[in-house]
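These are my notebook entries on a structure I wanted to look through with care. I kept each entry to one topic and wrote down what I looked up.

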2 protein chains.
Amino acid sequence: VLITGGLGFIGSHLAERLVGLGAEVTIVDNLAANCGGNRHNIGTFANRVSVRIADIVESTLLPELIADRDYLFNLAGQTGHLASMEDPFTDFEVNSRAQLAILEACRRQNPNIRIVHASTRQIYGRPEYLPVDERHPLKPIDVNGINKLAGESYHMLYSRVHGLQATALRLTNTIGPRMRVRDARQTFLGVWIRCVLEGVPFEVWEGSQLRDFTYVTDAVDAFVRAATCDAAVGEIFNLGGDCAISLHDLAELLVKTHGGGEYLIRSFPRTSRAIDIGDYYASFDRARSILGWQPATPLDQALSETLGYYRCYLDRYL
Amino acid sequence: VLITGGLGFIGSHLAERLVGLGAEVTIVDNLAANCGGNRHNIGTFANRVSVRIADIVESTLLPELIADRDYLFNLAGQTGHLASMEDPFTDFEVNSRAQLAILEACRRQNPNIRIVHASTRQIYGRPEYLPVDERHPLKPIDVNGINKLAGESYHMLYSRVHGLQATALRLTNTIGPRMRVRDARQTFLGVWIRCVLEGVPFEVWEGSQLRDFTYVTDAVDAFVRAATCDAAVGEIFNLGGDCAISLHDLAELLVKTHGGGEYLIRSFPRTSRAIDIGDYYASFDRARSILGWQPATPLDQALSETLGYYRCYLDRYL
């Protein structure tokens, strides 16, 4: 198995799960400063995986990495929305160009490889109805969404036209141990948790927006199911959470779960307002019926386990 | 005025029109072998335009080219659908990455520039209804469509979020003098016309598919109207033709207009079948109501003028 972005938040959990299942796992990660890669993420099983620190955009490396793999879990990406507006080319390189390079390498070196691609709800843009299912129009409203849509589209095209076996999972906010908490590049909730643990108030922007959250072990379960389900080839699935919750209620739940904490309600900064998607939560009926997947971890438990992890390891993530 | 792809088919007609209107026109074109650039296209007015042979992807050149312009007509592109499948990176560089680079340069160097972008009906994919209007879902089915969609999306995003004044025109098959006739990279009709003039049979694949055609001077009219219409900022418009016609009827019309010619009906090659969009013709109601545009040239006249041009100049396009 090859996992791109395998030192990251979801990638490292997936690597750990696959190692536990007996897979030979190679991780490739460029440890880009603003992405999720962190060597601490594989600390407990580093001796059971191969790690290549490299940029997947370097096409000279790709043929070697992809040859002879049975599975490719394609999770390398830049996830920050505001970051994609400030530095569009970095987002473009990994979310768009690297995806095309990976698929070309698969097509030429290993056309029978099974691929699962980490896509995102960001490609929908502002929901026109809720819950958002996979037929919802794709109208991304930031650079990240445009590039991720191109990346997903290449996967589906190469599956349909070139016969590659690819599945795309459109992730929503994913939370859990090992997520980025330095900033909001993976999810704003990372910053909230850090603030709560550091005893400083966190900021809730507006507060009425609805969101859903997938706990990381549930997301990993979806990746494994997608990779091993024949009916998932060439298909797209939303992931989702066990409930939709307003940011205000989420802030209350976080404070309650931690047993303390303060937050400020403030209005959107202008730059964030321009790319805000409003309310979002996913329908995951399709994943339930075809992959047999549904989120198993209640949100309060997800928060509790995440808080527990960062009480021990916050310093490794600052 | 700056015109990217200005030595090409549509770009050169646009340059000629703008020169006639008294504009100071600079053309930038890389004369890429498989695109539409051809020095013969500006032969009759070469002394009235500035020409820079350069690759717009070279970002070092962009700031200088974009500074102080009032208008940018952004027509550089790779248009071949099959070509985009065989060489996805060339299509990617010009249709996706260069577009982002151009917009970033505009944002930083000249945020008041007025931009008109040449988009394409290819981003719709297989029509779900006819005629296709601008609200039709965007589901491109080849690499070209995916990259052109990203390019258009960047334009609309930079217009909405960064305040650039951009308009996108979704072109359908555009025909006329100066179009590429060596191959089908711009439109299959180029090859048909070349065959008719060379006295060899041309190939009609299937024949029942419906298509629409815009004559090049009508397309140029749309670019000029879009650039000078305040209500067009941040908006998208389909162009179209005066009728929808099956390829079989088009073949008959071409033979009749030329006064002779032969063709073979054959089934699709496999590689083309996989990315064929079926029937397509556009609704241009939006362009009519907001830009006051509609196609003025009947198809038979468009064919007649095109044939007349290539009777004189075919050798310059082989």
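Entry 1, strands. I count two strands as paired if DSSP finds at least two bridges between them. The model I am reading is a predicted one. I looked up strand 1 (residues 2-4) of chain B and found that three bridges join this strand to strand 4 of chain B, the two running parallel. Strand 4 of chain B also pairs with strand 5 of chain B, again in the parallel sense, over four bridges. I then asked which residues stand beside B:F73 in these pairings. On one side B:F73 is the bridge partner of B:I3, and in strand 5 of chain B the residue opposite B:F73 is B:V116.

Entry 2, aromatic pairs. I noted first that a pair of aromatic rings is described by the distance of the centres and the angle of the planes. Over all chains I have 27 aromatic pairs. For A:F284 and A:W293 the ring centres are 5.7 Å apart and the planes stand at 80 degrees, so I entered this pair as edge-to-face; A:F284 and A:W293 are both buried. I went back to B:F73 and found that its ring forms an edge-to-face pair with that of B:F223, at 6.5 Å centre to centre and 65 degrees between the planes. This pair links distant parts of the chain, since B:F73 belongs to strand 4 (residues 71-74) of chain B and B:F223 to helix 7 (residues 216-227) of chain B, 150 residues apart. Are the two rings buried or exposed? B:F73 has a relative accessible area of 3% and is therefore buried, and B:F223, at 0% relative accessibility, counts as buried too, because the cut-off for buried is under 20%. In chain A I also wrote down a cluster in which ring pairs link A:F188, A:W192, A:F202, A:F213 and A:Y263.

Entry 3, charges over rings. I found A:R286 lying over the face of A:F237, at 5.1 Å from the ring centre. In chain B, the charged end of B:R121 sits over the ring of B:Y280, 5.4 Å from its centre.

Entry 4, backbone. Before going further I reminded myself that most residues other than glycine have a negative phi, and most peptide bonds are trans. The bond from A:L130 to A:P131 is cis, with omega near -10 degrees, and A:P131 has its place in the loop between strand 5 (114-120) and helix 5 (143-162) of chain A. In chain B, a cis peptide bond joins B:L130 and B:P131, with omega about -10 degrees. I next looked at A:R178, which is not a glycine and yet has a positive phi of about 85 degrees; A:R178 lies in the loop between strand 7 (173-175) and helix 6 (188-198) of chain A and, at 8% relative accessibility, counts as buried. For B:R178 I have a positive phi near 80 degrees, and B:R178 is buried, with a relative accessible area of 8%.

Entry 5, the two copies. How is chain A laid on chain B? A turn of 180 degrees with a shift of 0.0 Å along the axis does this with an RMSD of 0.0 Å, which means that the relation is that of a two-fold axis. The same surface serves both copies, with 100% of the contact residues of chain A recurring in chain B.

Technical notes:
Residues are numbered from 1 along each chain as its sequence is written. Chains are lettered from A and ligands numbered from 1 in the order in which they are written. This is a predicted model: local features need pLDDT of at least 70, side-chain atom pairs count only at pLDDT 80 or more; totals for chains, interfaces and linings use all residues. Side-chain values use heavy atoms; hydrogens and water are left out. Rings of Phe, Tyr and Trp (its six-membered ring) pair if their centres lie within 6.5 Å; planes under 30 degrees apart count as stacked, over 60 as edge-to-face and the rest as tilted. Buried means under 20% relative accessible area, exposed over 50%, partly exposed in between (1.4 Å probe, protein chains only). A charge sits over a ring if NZ of Lys or CZ of Arg is within 6 Å of the ring centre and within 35 degrees of the ring normal. Copies are superposed by least squares on the C-alpha atoms of residues with pLDDT of at least 70 in both. Contact means heavy atoms within 4.5 Å.
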